[in-house]
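Visitor: I should like to take a close look at a single part of this structure, the largest pocket, and then at the parts of the chain around it. Could you please guide me through them in order?

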Amino acid sequence: MKGRKRAAILISGRGSNMAALIEAARNPDYPVEIVAVISNRPGAPGLARAREAGIAAEAVDHKAFASRSDFEAALEARLEAHVVDLVVLAGFMRLMTAPFVQSWTGRMINIHPALLPAFPGLATHERALEAGVRLHGCTVHYVTPGMDEGPIIAQAAVPVLPGDTASDLAMRVLHAEHKLYPAALARVARGEAPVMGERVEIVPGDLMFCE
């Protein structure tokens, strides 16, 4: 496919969503080419998985820098070196400064394991169970300076079943994430996702239900 967008995936761990995105990008009709995987943790298992898939993979260790801004300058240099159009966060466990986020406005996306705006932050599955919700899920959204506050691109919902543990729910949501993230990234690359700053309405097709 001509004119594919060039994307870098940022990870901190095993990279299961990264693997789903790489697999989707093997299809020549997919509108995104994964050109790099970068981790802030040199020992992240996802780096080896990316290399096995033939993707350039490297670490920019945040612990090697005196400040967040120094770390982000090094990360920005690597993104520029790979000539990246889109930045895709997939389990990247670092909060970005506002200047870095704003430099990628409309070009950086994240996946969150909850149906935002419900349950931003951590421990989403435990909190969903405590709240007694009947539906849980995941959200792909643009990254903005506020944590988990960016405009929603797509969501997938899963049922909360009687007797679910947090681990049960996490696995069900992760399965949904692996379907949702490639589809949402494709929407962004094709220009079909909501534009930054627009009011987002959930309509049929945006709220995807995964068993």
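Guide: What follows is an account of the largest pocket, and then of the contacts, cores, salt bridges and backbone features elsewhere in the chain. Please keep in mind that the model is predicted.

We begin with the space itself. Rolling a probe the size of a water molecule over the atoms shows where empty space is left. The largest pocket contains about 1000 Å³ of space. Its lining is made of 38 residues, and those closest to the centre of the pocket are G91, F92, M93, I111 and P113. Four elements each contribute at least two residues to this lining: helix α1 (16–25), strand β5 (108–112), helix α5 (124–131) and helix α6 (166–189). The largest share comes from α6, which supplies four residues. By chemical character, the lining comprises 18 nonpolar, 14 polar and six charged residues.

Helix α1 deserves a further step, and N17 is a residue within that helix. Is N17 buried or exposed? With a relative accessibility of 7%, N17 counts as buried, because the limit for that class is under 20%. Leaving out residues up to four places away in sequence, N17 touches A90, I111, L174, E177, H178 and Y181. Among these partners, I111 is also one of the residues closest to the centre of the largest pocket. For a sense of distance, consider N17 and A131, which are 114 residues apart along the chain; their C-alpha atoms are separated by 26 Å.

We now turn to the nonpolar interior. In soluble globular proteins, nonpolar side chains tend to be buried together. The largest nonpolar core of this model has 44 residues, and the members that touch the most others are I9, V37, I109 and I153. Helix α6 gives the most to this core, with ten residues. The surroundings of V37 can be listed: apart from residues up to four places away in sequence, V37 touches I9, I11, M18, L47, A50, I55, A56, A57 and E58. There is also a second, separate core of 19 residues, which includes I38, V60, V84 and L89.

One of the contacts of V37, the residue E58, leads to the salt bridges, of which the structure holds three. In one of them, the side chains of R78 and E58 meet with N and O 2.6 Å apart. R78 belongs to helix α3 (residues 68–81) and E58 to strand β3 (residues 57–59), so this pair ties together parts that are 20 residues apart in sequence. The two partners differ in their surroundings: R78 counts as partly exposed at 30% relative accessibility, whereas E58 is buried with a relative accessible area of 18%. In another salt bridge, D164 pairs with R172, and the closest N and O atoms are 2.7 Å apart. Here D164 is buried, at 14%, and R172 is buried as well, at 17%. The remaining pair is R26 with E23, where the closest N and O atoms lie 3.1 Å apart. In that pair, E23 is partly exposed, with a relative accessibility of 49%.

Strand β6 (residues 135–142) offers another buried position, H141. The relative accessible area of H141 is 2%. Setting aside neighbours within four places in sequence, H141 is in contact with M108, I109, N110, H112, L116, D148, G150, P151, I152 and I153. Two of these partners, I109 and I153, were named above among the residues with the most contacts in the largest nonpolar core.

Two other partners of H141, L116 and D148, bring us to the backbone. Most residues other than glycine have a negative phi, and most peptide bonds are trans. The peptide bond from L116 to P117, however, is cis, with omega near 15 degrees. P117 has its place in the loop between β5 and α5, and A123 lies in that loop too. A123 has a positive phi, near 55 degrees, and is not a glycine. A123 is partly exposed, with a relative accessible area of 42%. D148 likewise has a positive phi, of about 60 degrees, although D148 is not a glycine. The position of D148 is the loop between β6 and β7 (152–159), and at 15% relative accessibility D148 counts as buried.

Terms used: Residues numbered from 1 in each chain as written. Predicted model: local features only at pLDDT ≥ 70, side-chain atom pairs only at ≥ 80, totals over all residues. Heavy atoms only, no water. 1 Å grid on protein atoms, 1.4 Å probe; cavity = no way out; pocket = protein on both sides within 12 Å on 5 of 7 lines; lining within 4 Å. Points joined across faces, edges and corners; volume = space filled by probe spheres on them. Nonpolar A, V, L, I, M, F, W, Y, C, P; charged D, E, K, R; others polar. Salt bridge = Lys/Arg side-chain N within 4 Å of Asp/Glu carboxyl O. Buried < 20%, exposed > 50% of the residue type's maximum accessible area, 1.4 Å probe, protein only. Contact = heavy atoms within 4.5 Å. Core = buried A, V, L, I, M, F, W, Y, C linked by side-chain atoms within 4.5 Å.
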